[in-house]
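Could you walk me through this model in my viewer, stop by stop? I would like to know what to select next and what is there.

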Amino acid sequence: MARKRKELPLLERVTITDVAAEGKAIAKVDDLVVFVPYVVPGDVVDLQIKRKKHHYAEAEAVKFHEYSPVRAVPFCQHYGVCGGCKWQVLPYSEQIRYKQKQVADNLTRIGKIELPEISPILGSEKTRFYRNKLEYTFSDKRWLTAEEVRQNTVYEQMNAVGFHIPNAFDKVLAIEKCWLQDDISNRIRNAVRDYACEHDYPFINLRTHEGMLRNMIVRTSTTGQLMVILICKIEKEEEMALFKQLLQYVADTFPEITSLLYIINNKLNDTITDLDVHTFKGKDHIFEEMEGLRFKVGPKSFYQTNSGQAYNLYKVARHFAGLTGDELVYDLYTGTGTIANFVSRQARRVIGIEYVPEAIEDAKVNAEINGIENTLFFAGDMKDLLTEDFIDRYGRPDVIITDPPRAGMHQDVIDVILFAEPERIVYVSCNPATQARDLQLLDAKYRVKAVQPVDMFPHTHHVENVVLLQLKPGNEKSPATHHQPLTADR
């Protein structure tokens, strides 16, 4: 006979006390730590335990007895269902206070190294409409909220264009208005949805993969340029003719689009890195600008999604690098070479390394566009490319700037950095926890001299952090290895 599943408890009148990782808040009941989404410190709630382990549990707030005095009213109609912008219930001043605390806690508890005073976090001037890129998903079965299910309403139209419900690949929430990107993004998305529904375009079924319309990407830029990419499944000529009618409608309705592109994706997954991009109208790229530098952004290019804060982030990195014009700089995980090109005017030479070959091609183009001739770019796996032989060939860096993915740096990369012994390391991170782990390893030869958190993503728990490390006395490299010849073509 099957064992009856143990009923999980309801905890009554629990006070939320703090904010934790992943945007959840914390309550403590006896010795049990409970993680709860969509509440803030000071709320008094009843908690329904959803998952329980020995020392912690996850719960949902099912009743509010008291609201916290610091609680804010969410401004988005999709709050709590969409899964994004979970901190809308916190005033922005409180958000950045907790992000500052998150950085300090990670560096202290995980890093366990000597730290200077952490500089006050740089908040984002724009807290709404700050993103320059959003990706939407089409689905022929839109997600119904709990309230819609309770109302037992029959919906004639089940097509949706919006965002995936968290942790559900086949569930898409229909978005009416998103506050993350300029409102042109909302107008384009809703117009495409309405036109497609009126003309019976088949939206994709995310389980059977039947249908035509799959995804849409909207990219905006500070230069006023606008890119729209429509991604579809096309197997017949008549489908292509129908799809081009939709593209023409978009082009006619939104003349401000400077780059209207499309991609045919007949695969079972949504990745587009291996697919051809076709231009329907305008150019195949847009430009971003920063301090007079122009950066070409293509449909597959990576560019920091908060353009205004990216500029502040890069200024911090450049300031920490302390360049005088005579330094050899290594820019690790360079992406499309934005930081490398940004600091190149103050350096003798900048060498950028990145895993994605297409990103390195973008980096080279960006250098060429801006007349930058003192950069070298290499594509390859960081741990395989950045070796002692590489350093012997291209020179020991005076400064290393590193901006790794969320997982942080591979042990082999850290070992080579310690071998190279640059005078300064500027570590830019989107994950202070893995940054703290890496700082502990670098502590063998380096001391942390400065820490500057930067908020790139208001209303989320994510925070960027920039750390300056200085070579400890007694670890200086010998003058004979200071400048090595450079022989590669850019």
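Here is a short tour, with a few selections to make at each stop. Keep in mind that this is a predicted model.

**Stop 1: the annotated site**

Begin by selecting Gln304, Tyr333, Glu354 and Asp403, where UniProt, in an unreviewed entry, places the feature "binding site". Turn on a pocket surface if your viewer has one: the lining of the largest pocket includes Gln304, Tyr333, Glu354 and Asp403.

Now centre on Gln304, which sits in the loop between strand 15 and helix 5 (307-321). Is Gln304 buried or exposed? Its relative accessible area is 7%, so Gln304 is buried. Leaving aside residues up to four places away in sequence, Gln304 touches Asn132, Ala310, Leu313, Tyr314, Asp403, Met456 and Glu464. Asp403, one of these contacts, is also among the positions in the UniProt feature.

Next, move to Tyr333, in the loop that runs between strand 16 (328-332) and helix 6. With a relative accessible area of 17%, Tyr333 is buried. Display its contacts beyond four places in sequence, and you will find among them Glu354 and Asp403 from the annotated set. Other contacts of Tyr333 include Ile353, Met382, Thr402, Pro404, Pro405 and His410.

**Stop 2: helix 7**

Select residues 357-369 to bring up helix 7, which has 13 residues. From first C-alpha to last, helix 7 reaches 19 Å, close to the 18 Å expected at 1.5 Å a residue.

Colour Ala359, Ile360, Asp362, Ala363, Asn366 and Ala367, the buried residues of helix 7. Why do they fall on the same side of the helix? They cover an arc of only 155° around the axis, which puts them on one and the same side of helix 7. An α-helix has 3.6 residues a turn, so residues three or four places apart point the same way.

To see what covers these buried residues, add strand 15 (293-297), helix 6 (338-343), strand 17 (349-354) and strand 18 (375-379), which are included in that cover. Then step past the end of the helix to Gly371, which follows helix 7 and has a positive phi, near 65°.

**Stop 3: two strand residues**

Go to strand 10 (residues 213-220) and pick Thr220. Thr220 counts as buried because its relative accessibility is 15%. Among the residues Thr220 touches, not counting those up to four places away in sequence, are Arg131, Asn132, Gln181, Ile184 and Glu288. Asn132 may look familiar: it is a contact of Gln304 and of Thr220.

Then select Ile229 in strand 11 (residues 226-232). Ile229 is buried, with a relative accessible area of 0%. Beyond four places in sequence, Ile229 touches Asn215, Met216, Ile217, Leu261, Ile263 and Pro299. For a distance label, connect the C-alpha atoms of Ile229 and His278: they are 49 residues apart along the chain and separated by 9.2 Å.

**Stop 4: the cysteines**

Finish with the cysteine sulfurs. How many disulfides are there? The count comes to zero. Select Cys85 and Cys178 to see one case: a disulfide needs sulfur atoms within 2.5 Å, and the sulfur of Cys85 is 6.3 Å from its closest cysteine sulfur, in Cys178, so the gap is too far for a bond. Cys430 is in no disulfide either, as its nearest cysteine sulfur, that of Cys85, is 18 Å away. Cys85 itself counts as buried, at 14% relative accessibility.

Technical notes:
Residues numbered from 1 in each chain as written. Predicted model: local features only at pLDDT ≥ 70, side-chain atom pairs only at ≥ 80, totals over all residues. Heavy atoms only, no water. Buried < 20%, exposed > 50% of the residue type's maximum accessible area, 1.4 Å probe, protein only. Helix = DSSP H or I, 4+ residues; strand = E, 2+ residues; numbered from the N terminus. Contact = heavy atoms within 4.5 Å. Expected span 1.5 Å × (residues − 1). Arc of directions from axis to C-beta. UniProt positions renumbered as here; feature names shortened; annotations may be inferred. 1 Å grid on protein atoms, 1.4 Å probe; cavity = no way out; pocket = protein on both sides within 12 Å on 5 of 7 lines; lining within 4 Å.
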